[in-house]
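Colleague: I should be grateful for a close look at the salt bridges of this chain. Please describe the partners, their places in the chain and their exposure.

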Amino acid sequence: MVDAILLDQEDELVEELQQALSYDDTQVGRHLNSSILRVRPRVSLSSLAERVRKKGDVKAVFVVNDSSELLGMIPLHVVFEQQNDVKAETVMLPCMECDHLDSLTSLIPRLDPEANLSWLPVRRNDKIVGAIPVSVLFWEAQELVLQASIQETPTTEEDLFTPAS
């Protein structure tokens, strides 16, 4: 059935789906979204806004240097709210990055809830190739808490309210 669905899709989408399916459900690469822009620190926000409009479905903007090292990220609303001559380096925010092979659970302790980030950059082969929604990490954390509480729930044989005989 998966093969039949893939035959009806565009080549780029098929490649992206096959790449995602090559990862385990708990790995970052499975949840990767490649609709990102990588920009240099000196690019103007007017130029960046034009690129965002042209590309269309952009989820995140990451600032990288000439060596593809992550310098920070720019929230999309900032791209359109700032003055045109403002450079990316002046409005970028720090953010952590992750590897495409990382497990979701390994990222949860590193996540800063006060950072107010929606997307985390994902690195593969020394290049930022996409982003993962932070909401996926929150769902994973919620699932872990739920599993832990279910495991601690008394079974029918272990009734805590019946006096011991």
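Modeller: Arg42 pairs with Glu89 in a salt bridge, and the closest N and O atoms of the two are 2.6 Å apart. Because Arg42 lies in the loop between β1 (36-39) and α3 while Glu89 belongs to helix α5 (residues 88-91), the pair ties together parts that are 47 residues apart in sequence. The two partners may also be described by their accessibility. Arg42 has 55% relative accessibility and therefore counts as exposed. Glu89, with a relative accessible area of 32%, is partly exposed. It should be stated here that the model is a predicted one.

In general terms, side chains of opposite charge can pair when their charged atoms come close. The total in this model is 4 salt bridges, and two others deserve description.

One of them is formed by Arg123 and Glu97, whose side chains meet at 2.5 Å, N to O. Arg123 sits in strand β5 (residues 119-124) and Glu97 in the loop between α5 and β4 (98-99), so this pair ties together parts that are 26 residues apart in sequence. Arg123 is buried, since its relative accessible area is 14% and the limit for that class is under 20%. Glu97 is partly exposed, with a relative accessible area of 26%.

The other joins Lys59 to Asp57, with 3.1 Å between the closest N and O atoms. Lys59 has a relative accessible area of 29% and is thus partly exposed. Asp57 also counts as partly exposed, at 45% relative accessibility.

Some charged residues belong to a patch instead. Arg38, Arg51, Lys55 and Lys127 gather on the surface in a patch of positive charge; residues of such a patch have no salt bridge, by the rule used to assign them. Arg51, one of the four, is found in helix α3 (residues 45-55). With 35% relative accessibility, Arg51 counts as partly exposed, and this value satisfies the patch requirement of over 30%.

The setting for these pairs is a chain of 165 residues, of which buried residues make up 36%. The chain contains 7 helices and 6 strands, arranged along the sequence as α-α-β-α-β-β-α-α-β-α-β-β-α. Of the contacts between residues at least 6 apart in sequence, 57% join residues at least 24 apart. The accessible surface of the chain comes to about 10,900 Å², and carbon and sulfur atoms account for 50% of this area.

Note on methods: Residues numbered from 1 in each chain as written. Predicted model: local features only at pLDDT ≥ 70, side-chain atom pairs only at ≥ 80, totals over all residues. Heavy atoms only, no water. Patch = residues over 30% accessible without salt bridge, like charges linked within 9 Å, V, L, I, M, F, W, Y side chains within 5 Å. Areas by Shrake-Rupley, 256 points an atom, 1.4 Å probe, with all protein chains shown as cover. Lys, Arg positive; Asp, Glu negative; His and termini not counted. Charge placed at Lys NZ, Arg CZ, Asp CG, Glu CD. Helix = DSSP H or I, 4+ residues; strand = E, 2+ residues; numbered from the N terminus. Buried < 20%, exposed > 50% of the residue type's maximum accessible area, 1.4 Å probe, protein only. Contact = heavy atoms within 4.5 Å.
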